[in-house]
Amino acid sequence: MTQQIVQNLQNKLIMSAAKEMQIECKLLLPGCEDFLELTYRGRTIIINKTRSHKLPLMSGFLAKNKEASNLLLERAGLPVPAYIVVPQMCEEAEHFLTTYRNVTVKPLDASCSIGVTLGIKSVMQLEDAIQLAKQHSDKIMIQKYVEGNDYRVLVIAGKVVAVIGYELASVVGDGQSTIAQLISQLNEARIIRNEICEIESFKEINIQSNVLHANLQAQGKTIHSALEQGERVELFSIDNIPAGEISEINMNRTNDICMANVNIAVEAAQALNIDVAGIDIRCQDITAPITDENGGILEVNALPDMSTHLLPFQGSSIDVYKAYLEYLFEE
């Protein structure tokens, strides 16, 4: 493999896996990390990080549009939490909140949780959330909030390869450390390293965060409170909070997903004709079949981040990059 300096994490991990598999891998254009050129047994392909050369152009466009994606998922009979799309605060938005009592607001076209607010329960909160979302998109999606935890299911060529589960960050007492000290330990432990790179498993927890302090106060605690041995304290709650202010611990849940949910994830990727997809699911229990009442598909990603599957904060590693490369060159 040609020695090149790369900065993008996905490219680093793809190139490392390619080297182990004796696949020649290099940047197509020097200094540009948009395209990787891979050559194996006389065959050459070009990919865009975890977006394969087999992905139809239209599928990529559909994945970027949450409204179009949801429509196709619903047509396929898959569980999607109830939603509406509006240009601004309006009577329809207020009626939707009244109907479902707890909603999420997100920009229609943004990604990475930008402009997303969770746990909205009042009209005033809804108005503020819509104003935030409108900074990032002309159209706003308001969706029924689903109780439970978030999961990312990686589907490659119609097969579930790995599952990551996310839980709101918490600390567990050791009988002497304060919450502030336990958070500091958690922040240090969140950096996972291997010989290729280091990964931030989750967003650093800001001890000065007003959201954090308010949540601790609601539990009768402060950051200076010392916890008893084994005492657990949740650092965040889903209650009218921007998604970007939450830290979630990730863990390997690949062996826990039930077959019904495996099929849901695979069918979601097929509904949008995406060969390498990250299916975002929210439900109370990934081991039990998801229905419209207890969970749903939040998003289908056509350029999934695979790094946490390889280096999870908790649980064993899954060599998803090897699986990805094997798929790229399968006959």
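Q: In this predicted model, how many bridges join S4 to strand S7?
A: Strand S7 covers residues 140-144, and it runs antiparallel to S4. One place to see the pairing is Val-86, which stands opposite Ile-140 in S7. The number of bridges joining S4 to S7 is four.

Q: Which strands are at the edges of the open sheet of five strands?
A: Start with the order, which is S4-S7-S5-S6-S14 with antiparallel pairing. The edge strands pair on one side only. That description fits strand S4 (83-86) and strand S14 (241-242).

Q: Which helix packs on this sheet by touching S5, strand S6 and S7?
A: Two helices are worth a look here. Helix H3 (residues 66-75) packs on the sheet and touches S4, strand S5 (103-107) and S7, with its direction at about 150 degrees to that of S4. The helix that touches S5, strand S6 (117-120) and S7 spans residues 123-134, and its direction makes about 20 degrees with that of S5. That one is helix H5.

Q: Is S5 largely enclosed or exposed?
A: Look at both sides of the strand: Val-103, Val-105 and Pro-107 point one way, Thr-104 and Lys-106 point the other way, and all are buried. In a regular strand, side chains alternate between the two faces of the sheet. Five of the five residues of S5 are buried, so the rest of the structure leaves S5 largely enclosed.

Q: Which residue in S7 is the bridge partner of Lys-106?
A: S5 has pairings with S6 and with S7. With S6 it pairs in the antiparallel sense over two bridges, and there Val-105 has Thr-117 as its bridge partner. With S7 it is joined by five bridges, again antiparallel. In S7, the partner of Lys-106 is Met-141.

Q: What is the order of the open sheet formed by three strands?
A: The pairing in this sheet is antiparallel. Strand S1 (24-29) and strand S3 (43-47) each have a single partner strand, so one side of each is left without a neighbour in the sheet. Neighbouring strands here are turned by 30 degrees against each other on average, direction ignored. The order is S1-S2-S3.

Q: Which helix packs on the sheet by touching S1, S2 and S3?
A: First, the pairing of S1 with strand S2 (residues 32-40): five bridges join them, and they run antiparallel. One bridge pairs Leu-29 with Cys-32 in S2. The helix packing on this sheet spans residues 9-20, and its direction makes about 15 degrees with that of S2; it is helix H1.

Q: Is Ser-59 buried or exposed?
A: Ser-59 sits in helix H2 (residues 57-64). Leaving aside neighbours within four places in sequence, Ser-59 is in contact with Leu-272, Asn-273 and Ile-274. Its relative accessibility is 4%, and the cut-off for buried is under 20%, so Ser-59 counts as buried.

Q: How far from a polar atom of the Ser-59 side chain does the backbone oxygen of Asn-273 lie?
A: Asn-273 is one of the residues in contact with Ser-59 once neighbours within four places in sequence are left aside. Here the Asn-273 atom is the backbone oxygen, while the Ser-59 atom belongs to the side chain. They lie apart by 3.0 Å.

Q: What separates the C-alpha atoms of Leu-71 and Phe-35?
A: Leu-71 is in helix H3, and it is partly exposed at a relative accessible area of 38%. Along the chain, Leu-71 and Phe-35 are 36 residues apart. Their C-alpha atoms are separated by 31 Å.

Q: What is the phi of Arg-101, which is not a glycine?
A: Arg-101 is in the loop between helix H4 (91-100) and S5. With a relative accessible area of 67%, Arg-101 is exposed. Its phi is positive, at about 70 degrees.

Q: What is the radius of gyration of the chain?
A: The chain comes to ten helices and 17 strands. For 331 residues the globule rule gives 20 Å, and the chain's value is close to that, so the chain is as compact as a globular protein of that length. The radius of gyration is 21 Å.

Note on methods
Residues are numbered from 1 along each chain as its sequence is written. This is a predicted model: local features need pLDDT of at least 70, side-chain atom pairs count only at pLDDT 80 or more; totals for chains, interfaces and linings use all residues. Side-chain values use heavy atoms; hydrogens and water are left out. Two strands pair if DSSP finds at least two bridges between them. Axes are lines fitted to C-alpha atoms, for helices over the stretch in contact, and angles run from 0 to 180 degrees between N-to-C directions. Contact means heavy atoms within 4.5 Å. Buried means under 20% relative accessible area, exposed over 50%, partly exposed in between (1.4 Å probe, protein chains only). A polar contact is a pair of N or O atoms within 3.5 Å; within protein, one must be able to donate a hydrogen and the other to accept it, and residues adjacent in sequence count only if both atoms are side-chain atoms. The radius of gyration is taken over C-alpha atoms; the globule rule is 2.2 Å times the number of residues to the power 0.38.
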